[in-house]
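Student: I'd love a close look at one part of this protein, taken slowly and with its surroundings included. Could you walk me through it?

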Amino acid sequence: ITMYDVVGVPGEQVSGTGSGVTDDMEPEGSNTTMVASLGSGIPVWTERDGVMSVSDEALVGADGLIPGDILLGRCRLSPVPDWNPMDNWTHVALYIGDDRLMVSSNPIQDTMVTTLRSWMYPKMTWVTYLRVATADEEVRNKAVEWAKERRGDPYDASWFSKDADEYSWYCSELIWAAYIHASDGRIDIEHEPDSGGISPNEIYVDD
């Protein structure tokens with residue numbers, strides 16, 4: 001996994017359609033801009049009520065997200081401490097292109113396609129994105145296609161186990177299994193593979 005760092009820089013309030021944290025309003029009094037570096041791409045992060053959110057239009061530019069990238073988020077209602085969000089990611093999704101994600105979030109919605117904007121504030125208070133360093137374009141595309149075929153599969157509440165060949169998924173299990181299948185078992189994005197479940201954090205710290 002290659003992580004793209006988020007760094008703070010002085011900046012002006014971001015304005016204009018699509019560049020704020022919601023569809024119809026901009027943060028007031030914001031004086032901080034954040035950037036997440038990937039090549040020459042500069043996704044724009046804006047501050048609202050002390051938290052940061054990324055503009056989806058900025059993120060998916062020529063040097064932004066590509067299909068197969070992994071998004072890690074911290075849910076707004078998570079018990080993760082505000083002072084150290086990077087240590088505890090609570091959710092994960094797979095970017096499949098065209099501003100869309102594959103995700104398995106909860107028993108009500110099952111495995112579904114959702115939008116990149118659904119990972120904006122206020123649903124997510126922190127987001128980072130990763131790229132699997134050992135996967136080439138073919139493997140990334142296979143992972144995307146495999147995940148898309150899981151659409152409608154039920155949610156798996158058995159967080160303490162994982163199975164790449166079952167028919168229900170929790171969020172990190174889905175992404176892990178996608179790369180297992182896409183690489184014929186060669187790429188395991190669990191930091192320390194074991195017989196237990198796989199958490200978003202284990203994907204985050206994998207090399």
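In which strand is the place of His91, and what can you tell me about that strand and its surroundings?

Tutor: Happy to. Please keep in mind that this is a predicted model. His91 has its place in strand β7, so the tour can begin there and move outward.

Let's start with His91 itself. With a relative accessible area of 11%, His91 is buried, because the cut-off for buried is under 20%. Its side chain and that of Ser105 are joined by a polar contact of 3.2 Å. Leaving aside residues up to four places away in sequence, His91 also touches a list of others, including Leu71, Leu72, Gly73 and Cys75, as well as Val103, Ser104 and Trp119. Met124, Cys171 and Pro200 are among its contacts too.

Next, the neighbouring strands. β7 and β8 run antiparallel and are joined by 3 bridges. One pairing to find on your screen is Leu94, whose bridge partner in β8 is Met102. From Met102 you can step onward, since Val113 is the bridge partner of Met102 in β9. β8 and β9 also run antiparallel, with 5 bridges joining them. As for cover, 4 of the 5 residues of β8 are buried, leaving that strand mostly covered.

The turns between these strands deserve a stop. The hairpin of β7 and β8 has 2 residues between the strands, and Asp98 there takes a positive phi near 55°. Asp99, in the loop between β7 and β8, has a positive phi of about 60° although it is not a glycine. Asp99 counts as partly exposed, at 32% relative accessibility. The hairpin of β8 and β9 has 6 residues between the strands. In the loop between β8 and β9 sits Asp110, another residue with a positive phi of about 60° that is not a glycine. At 23% relative accessibility, Asp110 counts as partly exposed. Following the chain past β9, you reach the loop between β9 and β10, where Pro122 is found. The peptide bond from Tyr121 to Pro122 is cis, with omega near 10°.

Now back to β7 and what it packs with. The largest nonpolar core has 33 residues, and Leu94 is among those that touch the most other members, along with Ile70, Tyr179 and Ile189. β7 (91–97) is one of the elements giving two or more residues to this core, together with β6 (70–75), α2 (137–148), α3 (171–182) and α4 (200–204). The biggest share comes from α3, which gives 9 residues. The contacts of Leu94, again without residues up to four places away in sequence, show how these parts meet: among them are Ile70, Leu101, Met102, Ala143, Val144, Ala147, Ile175 and Tyr179. There is also a second, separate core of 12 residues, which includes Ala93, Leu101, Val103 and Trp119. Val103 and Trp119 may look familiar, as both are touched by His91.

Why might neighbours along a strand end up in separate places? In a regular strand the side chains alternate between the two faces of the sheet.

That leaves the helix α2, whose residues Ala143, Val144 and Ala147 touch Leu94. The 12 residues of α2 should span 16 Å at 1.5 Å a residue, and the end C-alpha atoms are 16 Å apart, so expectation and model agree. Its buried residues are Val139, Arg140, Ala143, Val144, Trp146 and Ala147. Because these buried residues fall within an arc of 165° seen down the axis of α2, they line one face of the helix. Glu137 and Glu138, on the other side of α2, are exposed. The buried residues of α2 pack against β7, β8 and α3, which brings us back to the strand we began with.

One last spot leads into that helix. Asp136 lies in the loop between β10 and α2 and is partly exposed, with a relative accessible area of 42%. Asp136 and Gly68 are 68 residues apart in sequence, yet their C-alpha atoms are 9.8 Å apart in space. Gly68, in turn, is one of the residues that Leu94 touches.

Technical notes:
Residues numbered from 1 in each chain as written. Predicted model: local features only at pLDDT ≥ 70, side-chain atom pairs only at ≥ 80, totals over all residues. Heavy atoms only, no water. Core = buried A, V, L, I, M, F, W, Y, C linked by side-chain atoms within 4.5 Å. Buried < 20%, exposed > 50% of the residue type's maximum accessible area, 1.4 Å probe, protein only. Contact = heavy atoms within 4.5 Å. Expected span 1.5 Å × (residues − 1). Arc of directions from axis to C-beta. Pairing = 2+ DSSP bridges. Polar contact = N/O pair within 3.5 Å; in protein donor to acceptor, adjacent residues only side chain to side chain.
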